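I opened this notebook page to record what I looked up, one topic at a time. My starting question was how the helices pack against each other.

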Amino acid sequence: MLRRILSLLLNPCFLPASGRGGSGSNNMFYAVRNGRRTGVYHSWEECREQVDKYRYASFKKFATEEDAWDFVNGESAESSYHSSGFSGMAYENQRNDSDWGNKGTSWSDYNTYKRPYEQPLENQYNGKRARYTETSCAPSEKKEKMSSMGDYAVVYTDGCCSSNGRHKARAGTGVYWGPDHPLNSSDRLSGRQTNQRAEIHAACKAIEQAKTQNIKKLAIYTDSKFTIKGVTSWVPTWKANGWKTRKGQDVINKDDFERLAKLSEGMDIQWMHVPGHAGFPGNEAADRLAREGAGKSQS
């Protein structure tokens, strides 16, 4: 017992999340590139649930969420830890923070890439006419009519990509305005096939459609925090840095975010983050349309 106490005192990073002031108190981000659910998590406990005893799990810890998402999307050259089936608790107890990322990455076959159910962040990103809001509810839908949230027209967007990051990747976009609405769209993504590009272009499509209907106020519901944070927070910084990341590297999705930012000009947009795969009809419908789009031929 004394030895264990001394070990914990000397290695505080081995303490459980609850002993460190909560799952988010370490301000680190755990990126899961390959696991039960890929995505970015705010605690080792959440990450472990996705990779523990998962064959060829691929994951890494980062100091910033932007770097973590780059890794998830396969846009980071840094190595990660991978395993063919290990005990996550044993791994956490036996390796310290400096050991993360010393092993190579391995991918296994899996189906359509989607983000996990994400817990709301404490901070919200507010920009001029581009507000970011966490929500746990959605407006009611009316058949063949456009849903609204006050003065704002409501639309759901989503993107997906099967075999994300691999040679045979197929990505699609889905835009959902309501049951049987004529503007609902399902398209195959053109160009580079990735999940994040599909999510960005789904939002672009929704804004383009809104403009054809002379809609000036738009509430975009999406489960992609990457898209939301990119357009409301990261884009201004990237522009100021000549479209370079903090590490001086080129922004991978520069053209996509430039298009989204340009389309957003003159629009009053509320970006609404809704948890994915959590039973929200609009989000599920957009996801279904995106999957249908991924199955179409590329134009």
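Entry 1, handedness of a helix pair. I began with helix 3 and helix 6, and I noted that their crossing is left-handed. I kept in mind throughout that this is a predicted model. Helix 3 covers residues 65-72 and helix 6 covers residues 225-240, and the two pack with their axes 12 Å apart at an angle of about 120°. I therefore entered helix 3 and helix 6 as oblique to each other, since an angle counts as roughly perpendicular from 65 to 115 degrees and as roughly antiparallel over 145.

I then asked which residues of helix 3 and helix 6 meet. From helix 3 I listed E65, E66 and W69, and from helix 6 I listed F226, K229, W234 and W238. Sorted by class, this contact of helix 3 with helix 6 has 4 nonpolar and 3 charged residues, and no polar ones.

Entry 2, the whole chain. I stepped back to the protein chain, whose secondary structure comes to 8 helices and 12 strands. The protein chain has 299 residues, and 52% of them are buried. Taking the contacts in the protein chain with a separation of 6 or more, I noted that 69% are between residues 24 or more positions apart.

Entry 3, a second helix pair. I went on to helix 5 (residues 195-212) and helix 7 (residues 254-264), whose axes cross at roughly 20° and come within 10 Å. That makes helix 5 roughly parallel to helix 7, and the crossing in which helix 5 passes helix 7 is left-handed.

On the helix 5 side of this contact I wrote down R197, I200, H201, A203, C204, I207, E208 and K211, which meet D256, F257, R259, L260, K262, L263 and S264 on the helix 7 side. The residues of the contact between helix 5 and helix 7 divide into 7 nonpolar, 2 polar and 6 charged.

Entry 4, one residue of that contact. I picked I207, which lies in helix 5, and asked whether I207 counts as buried or exposed. I207 counts as buried because its relative accessibility is 0%. Leaving out residues up to four places away in sequence, I found that I207 touches L218, I220, L260, L263, S264, M267 and I269. I looked up one of these partners, L263, separately: I207 and L263 are 56 residues apart in sequence, yet their C-alpha atoms are 6.7 Å apart in space.

Entry 5, the buried side of helix 2. In helix 2, which runs over residues 44-51, I marked W44, C47, R48, Q50 and V51 as buried. They cover an arc of only 160° around the axis, so they lie on the same side of helix 2.

Entry 6, positive phi values. Helix 2 is followed by K53, and I noted that K53 has a positive phi of about 60° although it is not a glycine. K53 is found in the loop between helix 2 and strand 3 (57-62), and K53 counts as exposed because its relative accessibility is 61%. I also asked where D180 is placed. D180 sits in the loop between strand 9 (170-176) and strand 10 (185-188), and its phi is likewise positive, near 60°, in a residue other than glycine.

Technical notes. Residues are numbered from 1 along each chain as its sequence is written. This is a predicted model: local features need pLDDT of at least 70, side-chain atom pairs count only at pLDDT 80 or more; totals for chains, interfaces and linings use all residues. Side-chain values use heavy atoms; hydrogens and water are left out. Buried means under 20% relative accessible area, exposed over 50%, partly exposed in between (1.4 Å probe, protein chains only). Helices (H or I, at least four residues) and strands (E, at least two) are DSSP runs, numbered from the N terminus. The arc is that of the directions from the helix axis to the C-beta atoms. Axes are lines fitted to C-alpha atoms, for helices over the stretch in contact, and angles run from 0 to 180 degrees between N-to-C directions. Angles under 35 degrees count as roughly parallel, over 145 as roughly antiparallel, 65 to 115 as roughly perpendicular and the rest as oblique. A crossing is left-handed if the near helix is turned anticlockwise from the far one by less than a right angle, and right-handed if clockwise. Contact means heavy atoms within 4.5 Å. Ala, Val, Leu, Ile, Met, Phe, Trp, Tyr, Cys and Pro count as nonpolar, Asp, Glu, Lys and Arg as charged, and the others, Gly among them, as polar.
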